[in-house]
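Me: I keep bumping into words like "antiparallel" and "edge strand" without seeing where they come from. Could we go through a structure and check each label?

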Amino acid sequence: MPRNSGQKQKLLYLRKILLEKTDENHGLTVNELISELERYGITSERKSIYDDLHILESFGLDICTEKSKTTRYYIGSRDFQISELKLLVDAVQSSKFITEKKSFELIRKVESLASENEAKLLQNQVIISNRVKTANETIYYNVDRLHDAINKNRAVTFCYNEWSLCLGSTEKLRLRKRRGGALYRVSPWALCWDDENYYLIAFDENSEQIRHYRVDKMEKITVLDDRRRGAEEVGKIDLADYAKSTFSMFAGESEELTLSVDKSLVGVIADRFGKNVFITSDKNNDDRFILKVRVNISGQFFGWLFALGDKIELVGPEDVRLRFRQRVESIMKIYGEGKE
């Protein structure tokens, strides 16, 4: 590298060295900084290094010093702390919609936000488990196209897949196209992350209803020139409430329920529905409270209700209570007396 060209880039490389090689526990002396710059073909003098460090500090880089027999320089505060980077790594690992290959790529990018030594510590904390991961590498392009459509106020078309069982095949479960591969046409309004999956909340132009779709099951997304529809319908609902009331994004009719809940489940209720729910005292039992909440009735919701056992009771409406009782009775027939 020519000397003049190298000198023009010296500040940039010095910044790179400090960010990559130093942290609170690992500093570099001026001589070591000079040696690191020489790896990039840049020669330096001690005085110029002091001047450069001052310029970088004036620019906003948090350069700290540790003085003992020699003075060492290191980066103090960064945009992200190690604990914050660990949270990001955990989020990537736990996300089913991120493929295993992409998970490793994203984790490496997160690690680049720390020093090399801190990145090693971060790697030591990474736990790779046999989590279910999507195999659809196109999900990132799907998200990009859907964001583009939402920002441009445009409708989209796509093919939608569902799982099918293939008995007698080495690959038992396969994705197949719904509607024989016919295109869905919707107006996208929001992207939502629920139960470790990415969903599109959209206005279906055929049924004229708000629907949701798993992004990793979408293919051949095309952004149309036609403007979105459904603004009036979407305006009538709170999209956050819609996602919260739809258990794991299973479709179902929306109902306002009355539930009698044991006070020990207050944390469970807050985690599921948030803190802004309508709660009153249960006049018949001091150990319980009455919860009124709107949810989409589905098998997934009944499963959640069943799992809480006698700690929660579906008081009404009566028709939903009857449906839940029928569901429980049908399960009891399978596990009834006399069954081996």
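Reply: Sure, and keep in mind that this is a predicted model. Let's start with a helix contact: L85, L88, V89, V92 and Q93 in α4 meet S103, L106, I107 and V110 in α5. Those contact residues split into 7 nonpolar, 2 polar and no charged.

Me: What makes α4 roughly antiparallel to α5?

Reply: Helix α4 (residues 82–94) and helix α5 (residues 100–111) pack at about 175°, with axes 10 Å apart. Angles over 145 degrees count as roughly antiparallel, so that label fits α4 and α5.

Me: How do you know that β1 and β2 pair?

Reply: Two strands pair if there are at least two bridges between them. Strand β1 (residues 63–67) and strand β2 (residues 71–75) are joined by 5 bridges, so they pass, and they run antiparallel. One partnership to look for is I63 with I75 in β2. With 3 residues between them, the two strands form a hairpin.

Me: Now the open sheet with the order β10-β11-β9-β12. Why are β10 and β12 called edge strands?

Reply: In that sheet of 4 strands, with antiparallel pairing, β10 (278–281) and β12 (312–316) each pair on one side only. Neighbouring strands there are turned by 30° against each other on average, ignoring direction.

Me: And what makes β9 and β12 a pair?

Reply: Strand β9 (residues 254–262) shares 4 bridges with β12, in the antiparallel sense. The cut-off is at least two, so they count as paired. You can spot T258 opposite G316 in β12.

Conventions. Residues are numbered from 1 along each chain as its sequence is written. This is a predicted model: local features need pLDDT of at least 70, side-chain atom pairs count only at pLDDT 80 or more; totals for chains, interfaces and linings use all residues. Side-chain values use heavy atoms; hydrogens and water are left out. Axes are lines fitted to C-alpha atoms, for helices over the stretch in contact, and angles run from 0 to 180 degrees between N-to-C directions. Angles under 35 degrees count as roughly parallel, over 145 as roughly antiparallel, 65 to 115 as roughly perpendicular and the rest as oblique. Contact means heavy atoms within 4.5 Å. Ala, Val, Leu, Ile, Met, Phe, Trp, Tyr, Cys and Pro count as nonpolar, Asp, Glu, Lys and Arg as charged, and the others, Gly among them, as polar.
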